[in-house]
Each structure stands twice: as structure tokens, then as C-alpha cells.
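Please open the model in your viewer and keep the selection tool at hand. The tour begins with the whole chain and then moves inward.

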Amino acid sequence: DIHNYPSYGGDDAAALQGHRIYYDQTYDYPGSNGIRTSTGGWDSSLSKQYIFKRINDWVTEEFGANSGITVGVSEWGTMSSSNPSLESVIYASHLGTFANNGVELFSPWNWSIGMWETLHLFSKNAKKYSILSTSSLENTVSAYSSINENADSLTIMLVNKNMTASNTITINLSNFNVANGNYKTLQLSSLPANETFVSETQNALKTNTVAVNSNSITITVPALSSTAILLKKAPSITYVSLANRATGLLIDGMGKTTNGDNCGQWSNSGSNAQQWVLETAGSNVKIRNKYTGLYLDGMGRNTNGSIAGQWSSSNSNNQQWTKETAGSYVKFKNTATGLYLDGLGNSANGSDLAQWSSSTSYNQQWTITTVSGPQQVKSVNTEIATVEQAESQMSVYPNPFTSSFELKCDRSDEIVS
């Protein structure tokens, strides 16, 4: 446990980098005045602090790895500046850095205007498990991210330390799939001189949304601001194959992408064209092809032997099927026509999938086999770039960043989906 009141001599730009003195081995702290050497004398050339990194290394050397001894700050002083946005961002950078590195105790000695707002933003919206962020440029926007225990909720905290300008960045997510749509953001910026935090419902947080498209986000963060992006993982999708009891052939979309195309049958190939999602539609199901996105469609055909087709999603009963149990097998009855999916006993690859009125024939019985489903989350990777760099496919690392950052999951063995 340490007491730390760093001095920046009124230099706001230096104060905004103050969180780096604890772990960053490359940062030259302007308040450094040297250190007494083991052989006597004073070495004034040492300006890199990384205080907690040194302590952790010493603890590991003396007590071994995983000793349970951690570091903390029981007294910490801020700039006591008259600029609440500055104080807010300085505090946010410390909270994020300490969360990323497992610091369990951090207690400011004095509370400046802006700090209560920041504590509320982090404490209400950060998740249980920190996602470590790294970057190559230590001067502008920081990213501090965390994921919940179920690995289905991710918060990205963006802290812009630029004192005069906003930054527009693009965030690219991987290993954490987010459905396209708009997601909530909470932001602190341009804080007034008077205290604004009163309660969870009465504060200075600005609520907005940001669009996610193909796991990519573009957002502009104002100067001296902290922004929380609250993301939810897209529902897990389970893909199945549908094998005919009589022939063993699988229902196959045949890679056809045009509305009205016939649906076929093929021996097991592992192709995405043979994988389907059974989507709930009231008491029925819709059957969507993984490869094309088209749905099995009865096409309104009510003649025995008529071919089953495929069509883009609609509310038509032609796309809705009642799943009926037949022993350990299932039958699929079209809601519009009452006909059942039927392999017609065809055993040749490429045979059409047909429909027939109800019978006890094995041709109408199918085995549902799970092909792929929800997987354990082992890591979450996020790349962030300026809009210009995203367009030129450039990416740089780590945190704080102006070009990109990569997220790696800390204690990933404890995160499950």
C-alpha cells in the first residue's frame, strides 16, 4: 500500500499521463528527480517510475508467483484543478489502469468536482472481468474494457485525453459477436464548474446510441471525455443437419440463392448448405439455411410429390412448419398446406426435396443432429483505428491509442458462455 501525491507543476498535459507511472516501463515521469543507487550516490538520470511493476516483480522474486500479495493506493491526490472535465479524465485513466492490472485498493484523498461522476460511470457499467488493452501511442484515447461472467455483455470505456479536439475512431470486434443495431452509450464531457452528481438518476451522464454493423463501430468522442459503450452479445445460434431416415441423405439448400429455388438432398458433406437453424415462430418453426439465409418454403403447393422450395424470410405460413415427434425422429408439417417434408425415397445426390400428405413412411421421418452451437469464450479481440486507418486496413497497437487497440481476456479460463 502506498500514498501517492504526484506533482505536475501545473502541467495539465503531464497530469493526463499520470496513470502511466504505475506500470508503463517506457514513460518518463516529469516529476522524477532520480534515485539513490545501491553503491552510494544519486542517479538523476532515472525518470521511469513503473512503481507497481517494480513492486510486483520484487514480490514475485521474494515470495514466488501467485503469492496473493497485491498492491494498492490508500491515499492519492489529484490536480485539484478548477476544470472538472480534466479531473474526471485523470481519475478515469487511473480507474481503468488499475482495473486492468488487478489493483484492489484505490482511495483518493481529496475529491474534485468531476470525480463522483466518473466513479458512478465506472462502478455502474464496468463488468466483472477486465479485458486488458494495449496500444502504441500513449497520448490521446484510452480504452478500458470488461466482460461479465456469462460472457454476453461487454463494456468498452473510451477516455479521450485530448484537451482541445474530438477523435473519431472505428472499433472492430472479434470473438464477441454483436447483432447489427444501435447500442446505448453513456458519456461525460464538458462538465460544469459546479458538482453535478447527486444520484444514479440525477447526474451529468449524456445518453446516446452508437450503431454496430458487422461487428464494427464508428464513434466520435469529445475532448476530455469518458464514454461507455454497452454491448450485448448476439444470441447464440445452433446449427443442425436434417437426415432422412429412409435414405440417410441430408436436406441441402444446394447453394441456391434465388427466391423460389428448389431444395434438394445430398449425402453428408459438412457443407454450410446442409446446415439449418430452427427458428421459433409461435408454436411452429421456420427452417433457415446457414449458407444462403433462405427459408424452407412449401410454396403453397398442395399436391403430393410437389417440390419444397426456398424463399427469403416472410410472415407467410408457407415458411412455417409444425415439428411432430415420430418415435426418436421428427416430421415437419407445412402450416399452409398440411403436407409433410418427404424424401420420396430418392437416394441420389441432388434429388429434390418433396412434400406429401401424412403417412408412416420413413421418407417423412428426419433425424436432427446438432452441427455447431454456442462455444466457450476464450478471448475477446478488439481493434480500433481512426476512420482513415480503418479505410486503408491499417492497425497499430496498444493503449492509450489513436490508431488501434487489441483486447486480451484476463483470467479467460473463468469466462464461459
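With everything selected and the surface switched on, the protein exposes about 19,200 Å², of which carbon and sulfur atoms supply 47%; accessible areas here follow the Shrake-Rupley method with a 1.4 Å probe, and for residues only the protein chains shown count as cover. This is a predicted model, in which local features need pLDDT of at least 70 and side-chain atom pairs count only at pLDDT 80 or more, while totals for chains, interfaces and linings use all residues. Residues are numbered from 1 along each chain as its sequence is written, and side-chain values use heavy atoms, with hydrogens and water left out.

Switch to a cartoon, where five helices and 27 strands appear (DSSP runs numbered from the N terminus, with at least four residues of H or I for a helix and at least two of E for a strand).

Next, select Tyr22, Phe52, Val73, Trp76 and Phe98, which touch the most other members of the largest nonpolar core, a set of 38 residues. Such a core joins buried Ala, Val, Leu, Ile, Met, Phe, Trp, Tyr and Cys residues through side-chain atoms within 4.5 Å, buried meaning under 20% relative accessible area with a 1.4 Å probe and protein chains only. Helix H3 (84-100) and strand E13 (225-232) are among the elements that each supply at least two residues of this core, and H3 gives the most, with seven.

Finally, move to Thr185 in strand E10 (residues 181-188), which counts as buried because its relative accessibility is 5%.

How values were computed: Buried means under 20% relative accessible area, exposed over 50%, partly exposed in between (1.4 Å probe, protein chains only).
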